[in-house]
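The following exercises concern burial, overall form and core packing. Each task is followed by a worked solution.

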Amino acid sequence: MTGPDNPNKTRFGFETRMIHAGAAPEPVTGARQTPIYQNTAYVFHDADHAASLFNLQTFGFLYSRLTNPTVSVLEERLASLENGRGATCCASGHAAQILTFFAFMEPGDEFVASNKLYGGSLTQFAKTFKKFDWHGHLVDTDDLDAVRAAIGPKCKALFVESLANPGGVVSDLEPLAEIAEAAGLVFIVDNTLATPYLCQPFDWGADLIVHSTTKFLSGNGTSMGGCVIDSGTFDWGKNDKFGGLTKPEPAYHGLTFYETFGDLAFTTLSHVVGLRDLGATMAPMNAFQTLLGIETLSLRMERHCANAQDVAEFLAGHERVAWVSYAGLESDPYHGRAQKYLGGRAGSVFTFGVKGAYEVGMRMVESCELFSHLANIGDARSLILHPASTTHRQLSDEQRLAAGAGPDVVRLSIGLETLDDLLADLDQALHRAAAKTGEKAAE
Amino acid sequence: MSETSNGGELAYSDSHLRAILQSVQTIAMVGISPRWNRPSFFAMKYLQTKGYRIVPVNPGAAGQAILGEACYASLAEVPGRIDMVDVFRDAEAAGAVVDEAIALRHDKGIQVVWMQLGIRNDAAAARGAAAGLTMIMDRCPKIEYGRLHAELSWGGFNSRIISSRRRRARIL
């Protein structure tokens, strides 16, 4: 468990680290912006240097499936922004989740996860992971007794989103971290929607943080990417659950990662075993685009959150809207946790219910002229989606309801446009959808 | 933390660690393993490529050569000057190594005793400091060298270093 005495913190402020962390001037040319090393392999000095690299005895680049100089700048920047020890970037947020569990899960192992996660994560955990004989138990993580009850002897991890997509749930990280620590589990927090600007999960006891960098970090809807960040403070040797890090690794001549690399073990393993063998590498160009995005993260998040707050308040008072789930609203059940964990800002992705359910929800989405109808979030553009007919389509009705993606639910990702234009577009779409479906306007 | 620690946070400034790594030339590694896949062997091999002379000290491997250097049974048997002692022993055994370094500090010119990552013995560190030795605990000189020279960053690690200055390009 990390907590506020985190040794990875520096004297530099968040905004300084957004721009500078990991990115010193390139020494040979003096290039100030990070170069794009569109390159697969790196020349060895001699046979001994090659052997040292293959044996993990020295630092250096070998092959871009494992490490790349542009990607490593992004990794250091994300590690710095989350105050972690190290980071491993990969092809997508989903790849980051596989890479994370791959480090310590064996066939037959279990973990506990929130049942209100992003629908794609629920499908990955509950369906695809079963092919590896990994078993995710999905529970309501607001019910701490249910979390405790779901932890069996083969359970190795607890996984939640700091701010859940799309339900607007803010996880109660502090008591969840205590439960994980007491049970000897690794506590993993997906910080995609909150970003490190709003939430610092390591301060609340997270051990690992995962991101889809595709969202607010890159910020322009240009580049897929994922990342897992290690706090460096989890004791992988404290019980016998984490043999992947504490037992000799046959593929490296019996090297034991935790003993050899200490607090660097998880990140080293994620590159030289995880990326080496799963192959879900981040492209250097995507790392560069994501670095550019992060340079303005704080400015964008302030505007995203301010616009979202005003849109949520507008919808809460709209005659065609049944309810709004946004932790920025004082009436919201997660308002208190947003103050505690998110600095009072509730992000820019949230849901609301249209009066008239499934059909009206679909028509409303189709009626927008400024909001883009697509399956992404965290873009400079405002986005809209009807989860029940799209992202959460693979789930059962019961799972959809539990995940906050019922038939009337519309998801918004509020962008950086002029506020009045966003309000006008939602207003006309709500009225047009009601007219199309014959829903009576309210008196 | 073990009983050899008071549990307080150890903090060493980058400039302090950089000054140590710039000033020392010969490092005795006490408790080094002759096996190529052990952490101590990794550290010796890496620091040799950075220009340090490493003298292996391990009674179990005395008389053997490790990475081209003769291994000695104790610090006292090492011929010539030792600038720094790097301790690859557990916290309790590290105390005895520190006492040996204190006894030999004038004969051998020992300036620094460095206990490896995970090794901490506060009482021994206090004895060493009182005798005028620079003491470092719970750090690895390989990792700190790599961190301060931007090599650790290549692996995706947080070096905590931010600088807009252009480093001199080096042959690595």
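**Exercise 1.** Determine what percentage of chain B counts as buried.

*Solution.* Of the 172 residues of chain B, 44% are buried, a residue being buried if 20 or more other C-beta atoms, placed from the backbone, lie within 10 Å of its own. The model is predicted: local features need pLDDT of at least 70, side-chain atom pairs count only at pLDDT 80 or more, and totals for chains, interfaces and linings use all residues. Residues are numbered from 1 along each chain as its sequence is written, while chains are lettered from A and ligands numbered from 1 in the order in which they are written.

**Exercise 2.** Describe the secondary structure of chain B, then assess how compact the chain is.

*Solution.* Chain B has five helices and seven strands, taken as DSSP runs (helices H or I, at least four residues; strands E, at least two) numbered from the N terminus. Their order along the sequence is α-β-α-β-β-β-β-α-β-α-β-α. The radius of gyration, over C-alpha atoms, is 16 Å for chain B, close to the 16 Å from the globule rule (2.2 Å times the number of residues to the power 0.38), so chain B is as compact as a globular protein of 172 residues. Its C-alpha trace spans about 45 × 40 × 30 Å along the principal axes.

**Exercise 3.** Identify which residues Val87(B) contacts beyond four places in sequence.

*Solution.* Contact requires C-beta atoms, placed from the backbone, within 7 Å. Outside its neighbours within four places, Val87(B) touches, among others, Val30(B), Ala94(B), Trp114(B) and Ile119(B) by this criterion.

Definitions and conventions
Two residues are in contact if their C-beta atoms, placed from the backbone, lie within 7 Å. A residue is buried if 20 or more other C-beta atoms lie within 10 Å of its own, exposed if 12 or fewer, and partly exposed in between; C-beta atoms are placed from the backbone.
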